Amino acid sequence: MDITQSFPAAEPVVHYPSPTREFAASFMRNKGAVGGLLFMLLLVCCAAFAPWLAPHDPLEQFRDHLLTPPMWQEAGSARFPLGTDELGRDMLSRLIFGAQLSLLIGLASVVFSLIPGILLGLIAGFSPTRAGPFIMRLMDIMLALPSLLLAVAIVAILGPGLINTIFAIAIVSLPSYVRLTRASVMTELNRDYVTASRLAGAGTLRLMFVCVLPNCMAPLIVQATLSFSSAILDAAALGFLGLGVRPPTPEWGTMLASARDYIQSAWWVVALPGLAILLSVLAINLLGDGLRDALDPKLKNAA
Amino acid sequence: MLGFIARRFGLLIPTFFGVTLLTFALIRMIPGDPVEVMMGERRVDPELHAAAMERLGLNKPLYLQYIDYVGALLQGDLGESLRSRTSVWKEFTSLFPATLELALAALLFATTLGVLAGVIAALRRGSLLDHGVMGLSLTGYSMPIFWWGLILIMVFSVWLGWTPVSGRIDLLYDIPPVTGFMLIDTLLSGEEGAFTDALMHLILPAIVLGTIPLAVIARMTRSAMLEVMREDYVRTARAKGLSPARVVFVHGLRNALIPVLTVLGLQVGTLLAGAVLTETIFSWPGIGKWLIEAIGARDYAVVQNGILLVACLVILVNFTVDVLYGLANPRIRHQH
């Protein structure tokens, strides 16, 4: 007797992809996001290997080659592929070293606002009657000022410089993290798993960091990407206004501060640093959009 | 309805005091000796120093200083500029129309073009046109506007010579300020060519300032339109044989505009921050340029209370948007 015939064939097992794999697949389908990621990788490489990639020292002044046009123009030379600025410094080298500063400012200000922002948001969410309203009022006040203006005010008071730029940008991006964390915490606190952990005897700190926080990370990651790009923009704007990183440091915004005088004569001094800012910010925003769609599929069709 | 407005207004008061606390604290965060900083010299004579501390009230305890500050503000005393010795309020009101004119022109540019682009992209969803609009809008959103201004000046003013490089009007014209709006004043003055000249001065700064709002509005209109066009009443309108244009503009767009209007209100802060950069590039004599120059000259009275005035402006606009939104949407009005 053939026993196998009396049994129905086993149901085909449905293999659900793991969340990580699903996220990766969804992200990779978004061409813009992949492009953004590739450009970011290029930028990170430029920043990391700047001393080896740059053809010249970014501060070295070639006095015989002031305002040399890029190499594809008639008067250009292959020695300075993207030309030189008003002091004879190599544009390409300055742009490559500028990537270091922009990424540093972006990263540092995100870290310095993300951590306190999450902490304040957690406190506000867990204490909706006492500390919460106070913290949220404070954030409302900070939001009453346009972010760039508040940053300008802070730097104007503290004085220009790299550290103060990072500090100012970190402060102005704080409210969005606090609000976002608090909002997610408030929704998560109503879930059954939180009640279950409470009943199991989890303390407030454990509830905060082990139970609730990991479930609030998706919107925070997206916000971190977006504020990374606005940090680069704000830092460049501060530099342009003469309130950011001090010259002669090759910062993209600071490079544009003096470029206004060369609008008539040297387009590359004006165009190139801004193009670097635009492309980086665009790449990060594309990346952020891709992350948002991949992390939260519900939002994909809304935006 | 009045109760709703009163409740919302009540919320403004703590925010206002919070902002005064912020501007008060800002000025006291200046590193170093405040008198030396304000006088711009080191080692001030001790007697002069003590007199200055007395005059500025800096020798009192901090909470008394704050009470003095708010007391003066409530009496309408915003202090006077250290450079020009005129009152901060007077300077603000004389420069504000220039910023307002620029901001309104930018909003007009951003809204007309943004709504149009958003509607077209939504109707042709997934087409090359849609991708183009969305790509351009993301580029606009990522734009460093100070650079964008320089590029536009380089192309349209320097290379093509179509528009003037900076300012509000050519020095040739002597326009008496009646309304403070250059476009209206030039018309009132009756001088030939003055209006066109003022308009040419306005175009580039308005485009630069309107770029980010344009991008935001286009994205918002597109997603709101996509949402609305799926509604039953749109299908009903189509089914009863209305022309496509009527369905899109009367049934679709009118409903899609509600979220767009909210976003518009939120753009005021962006506009004011953008004005700082735009006015600096185009030498536009408004409050943005005024604040930056005050910072450069360490004119702290202007910095402190100028920022306070801008913050109040943003608070008031947000309040107005809230109230308008409540008028349009009863569900919000009756919420507590």
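**Exercise 1. Secondary structure and extent of chain B**

Task: For chain B of this predicted model, state how many helices and strands there are, and how far the C-alpha trace spans along its principal axes.

Solution.
- Step 1. The count for chain B is 14 helices and zero strands.
- Step 2. Read from the N terminus, the elements accordingly run α-α-α-α-α-α-α-α-α-α-α-α-α-α.
- Step 3. The C-alpha trace of chain B covers about 85 × 55 × 40 Å along its principal axes.
- Step 4. Chain B has 336 residues, of which 38% count as buried.
- Step 5. Among contacts in chain B with a separation of 6 or more, 70% are between residues 24 or more positions apart.

**Exercise 2. Chain A against the globule rule**

Task: Describe the make-up of chain A, and set its radius of gyration beside that of a compact globule of 303 residues.

Solution.
- Step 1. Chain A has 13 helices and zero strands.
- Step 2. Its order from the N terminus is α-α-α-α-α-α-α-α-α-α-α-α-α.
- Step 3. The radius of gyration of chain A is 25 Å, whereas a compact globule of 303 residues would have one near 19 Å.
- Step 4. The principal axes of the C-alpha trace of chain A give spans of about 95 × 65 × 30 Å.
- Step 5. Of its 303 residues, 44% count as buried.
- Step 6. For contacts in chain A with a separation of 6 or more, the share from residues 24 or more positions apart is 69%.

**Exercise 3. A loop residue of chain A**

Task: Locate A:Pro214 and decide whether A:Pro214 is buried or exposed.

Solution.
- Step 1. A:Pro214 sits in the loop that joins α9 (204-212) and α10 (217-240) of chain A.
- Step 2. Inside 10 Å, A:Pro214 has 10 C-beta neighbours. A residue with 12 or fewer counts as exposed, so A:Pro214 is exposed.
- Step 3. A:Leu174 lies 40 residues away from A:Pro214 along the chain, and their C-alpha atoms are separated by 19 Å.

**Exercise 4. A helix in the open**

Task: State how many residues of helix α10 (residues 232-239) of chain B are buried, and what follows for its placement.

Solution.
- Step 1. The helix has eight residues, and the number buried is zero.
- Step 2. Therefore α10(B) lies largely in the open.
- Step 3. Just after α10(B) comes B:Gly241, with a positive phi of about 90 degrees.

**Exercise 5. Two helix pairs within chain B**

Task: Give the axis geometry and the contact residues for α6(B) with α9(B), then for α5(B) with α12(B).

Solution.
- Step 1. The axes of α6(B) and helix α9 (residues 194-228) of chain B come within 8 Å and cross at roughly 140 degrees. The two helices are therefore oblique to each other.
- Step 2. The crossing of α6(B) past α9(B) is left-handed.
- Step 3. From α6(B), the contact takes B:Val133, B:Ser137, B:Gly140 and B:Tyr141. From α9(B) come B:Thr211, B:Ile212, B:Leu214, B:Ala215, B:Val216, B:Ala218 and B:Arg219.
- Step 4. Sorted by class, these are seven nonpolar, three polar and one charged.
- Step 5. In the second pair, helix α5 (residues 88-123) of chain B packs against α12(B) at an angle of about 130 degrees, and the axes are 8 Å apart. This pair is therefore oblique.
- Step 6. B:Glu91, B:Phe92, B:Leu95, B:Phe96 and B:Thr99 of α5(B) make the contact with B:Ile287, B:Gly288 and B:Trp290 of α12(B).
- Step 7. The classes here are five nonpolar, two polar and one charged.

**Exercise 6. The interface between the chains**

Task: Count the residues in contact between chain A and chain B, and describe the packing of α12(A) with α6(B).

Solution.
- Step 1. On chain B, 38 residues are in contact with 37 residues of chain A.
- Step 2. Elements of chain B that each supply at least two residues to this side are α1 (2-28), α6 (128-141), α7 (145-159), α11 (244-282), α12 (287-296) and α13 (300-328).
- Step 3. The side of chain B that touches chain A is made of 30 nonpolar, eight polar and no charged residues.
- Step 4. Helix α12 (residues 267-295) of chain A and α6(B) have axes that come within 9 Å and cross at roughly 120 degrees. They are therefore oblique to each other.
- Step 5. α12(A) passes α6(B) in a crossing that is right-handed.
- Step 6. In α12(A), A:Leu282, A:Asn285 and A:Leu286 meet B:Leu138, B:Thr139 and B:Tyr141 in α6(B).
- Step 7. That contact divides into four nonpolar, two polar and no charged residues.

Definitions and conventions:
Residues numbered from 1 in each chain as written. Chains lettered and ligands numbered in written order. Predicted model: local features only at pLDDT ≥ 70, side-chain atom pairs only at ≥ 80, totals over all residues. Contact = placed C-beta atoms within 7 Å. Helix = DSSP H or I, 4+ residues; strand = E, 2+ residues; numbered from the N terminus. Nonpolar A, V, L, I, M, F, W, Y, C, P; charged D, E, K, R; others polar. Buried ≥ 20, exposed ≤ 12 C-beta atoms within 10 Å, placed from the backbone. Axes fitted to C-alpha atoms, helices over the stretch in contact; angles between N-to-C directions. Parallel < 35°, antiparallel > 145°, perpendicular 65-115°, else oblique. Left-handed = near helix turned anticlockwise from the far one by under 90°. Rg over C-alpha atoms; globule rule 2.2 N^0.38 Å.
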